[in-house]
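Visitor: I should like to go through this model with you, one point at a time. May we begin once it is on display?

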Amino acid sequence: MKKIPVIIDCDPGCDDTIALLLAFANKVLDIKGITVSAGNVHINNTTENTRRLVGNFSSEINIARGCEKPLFKTIVTAPEVHGESGIGNVTLPETKKEIEKLNAVEYLAKTLKEATEKITIVITGPMTNIAVFLMTYPELKEKIEKFVIMGGSSIGGNVTPTAEFNIYVDAEAADIVFKSGVEIILCPLDVTMKAFIKDDELLKIKSIGSLASEVAFGAIDHALSFYKQTYGRDSVPMHDPCTIAYLLNPNIFEGKKAFVATELRGEFTYGETIIDYNDKLKRTKNVLVLNNINREAFVEMLYDSIKKI
Ligand code: BDR
Ligand code: CA
């Protein structure tokens, strides 16, 4: 099977951790590097979490540290969901893996410049690194196959009444990415809230009994506690893994092409994603928005993948 070259830009993060494990397990993805963003926790923590995840599970992959802050605002983090370290109570074993000398933007530029085929960029955190890259190296846009992004919502927000976290943290960066002209597949809350895992399914993953299953269990269980306390749910949405799952099997998703933009000025709606499903604005449809998933197939994919590591 032809491999899919990808770069993953992420902010691990409980659900970013599951996305990375899913990617590591499936060798059809040719991971050309991981660039780290600030988001769920401070960049020092997201970088350290990535370093340990890669070091323990897929040590050949290069990691580059990204921007510390959003383009214009101060950083907003989410330790209540992801824990102070970023992966709940998980302690990953120490590893000798080293971080690249190049920062994320320079790493993206070098990798895309040298690439002989186009590369897909998966984004599972605030989009600061990618926006800076697009502004600094506009000529390299043509080397990007597409963006597959977790972010946004047309069903209400998880930070403000209307804004989803990844977009809210750096809405100006998201605006640059949505306007880039690059093909975009978006996994907003519309689909990720349907991609949930239940507590009994989580216990099945735990029962695999490997380091990967222990890490996956710890990461998901921490987020599950938050969802139980805050929303009274016995399941937790797997937001970020939807991006990787889409690359592995797009057939388990449904979606619709639509014009997507970011609200940058609203008094109450800053960071809202406008998803014009019904073409009210008559603008160019710049994004394929995923809004449904075969949940059972998705959970099976997660289980099978974690078992493979
Ligand atoms: C997104 O925000 C983060 O907290 C998660 O990692 C995910 O990327 C969900 O809104
Ligand atoms: Ca994330």
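Visitor: Is Arg 51 buried or exposed in this predicted model?
Guide: The model is predicted, and the assignment rests on relative accessible area, for which buried means under 20%. Arg 51 has a relative accessibility of 12%, so Arg 51 counts as buried.

Visitor: With which residue does Arg 51 form a salt bridge, the closest N and O atoms being 2.9 Å apart?
Guide: The partner lies in helix α2 (residues 43-57), 3 residues from Arg 51, so about one helical turn separates the two. At 28% relative accessibility, this partner counts as partly exposed. The residue that bridges to Arg 51 is Glu 48.

Visitor: Which residue forms a salt bridge with Lys 110?
Guide: Lys 110 is partly exposed, with a relative accessible area of 41%. The partner is 4 residues away in helix α4 (residues 104-114), and therefore about one helical turn separates the pair. The N to O distance is 3.5 Å, and the partner is Glu 114.

Visitor: Which residue meets Glu 296 in a salt bridge, and is that residue buried or exposed?
Guide: Glu 296 is exposed, with a relative accessible area of 53%. Its side chain meets that of Arg 295 at 3.9 Å, N to O. The relative accessibility of Arg 295 is 8%, so this residue counts as buried.

Visitor: Which residues are joined into one network by salt bridges that share partners?
Guide: The structure holds 13 salt bridges. Those that share partners link Glu 48, Arg 51, Arg 52 and Glu 94.

Visitor: Asp 9 is buried yet has no salt bridge; with which side chain does the side chain of Asp 9 make a polar contact?
Guide: Asp 9 is placed in strand β1 (residues 4-10). The nearest side chain of opposite charge, Arg 65, is 12 Å away, whereas a salt bridge requires the atoms to be within 4 Å. The polar contact, at 2.9 Å, is with the side chain of Asn 129.

Visitor: How much of the area that ligand 1 exposes when taken alone does the protein bury?
Guide: The residues around ligand 1 include Asp 15, Asn 40, His 82, Met 150 and Phe 165. Oxygen atoms of the ligand are 2.5 Å from an N or O atom in the side chain of Asp 15, 2.9 Å from one in the side chain of Asn 166, and 3.1 Å from a polar backbone atom of Thr 124. Taken alone, ligand 1 exposes 280 Å², of which the protein buries 95%.

Visitor: What is the omega of the peptide bond from Pro 12 to Gly 13?
Guide: Most peptide bonds are trans. Gly 13 is found in the loop between β1 and α1 (14-25). The bond that leads to Gly 13 from Pro 12 is cis, with omega near -15 degrees.

Visitor: What is the phi of Lys 282?
Guide: Most residues other than glycine have a negative phi. Lys 282 is placed in the loop between β10 and β11 and is exposed, with a relative accessible area of 66%. Although it is not a glycine, Lys 282 has a positive phi of about 55 degrees.

Visitor: How many of the 8 residues of helix α7 are buried?
Guide: Helix α7 spans residues 171-178 and is mostly covered. Among its buried residues are Glu 172, Asp 175 and Phe 178. The number of buried residues in α7 is 7.

Notes. Residues numbered from 1 in each chain as written. Chains lettered and ligands numbered in written order. Predicted model: local features only at pLDDT ≥ 70, side-chain atom pairs only at ≥ 80, totals over all residues. Heavy atoms only, no water. Buried < 20%, exposed > 50% of the residue type's maximum accessible area, 1.4 Å probe, protein only. Lys, Arg positive; Asp, Glu negative; His and termini not counted. Polar contact = N/O pair within 3.5 Å; in protein donor to acceptor, adjacent residues only side chain to side chain. Near = heavy atom within 4 Å. Areas by Shrake-Rupley, 256 points an atom, 1.4 Å probe, with all protein chains shown as cover.
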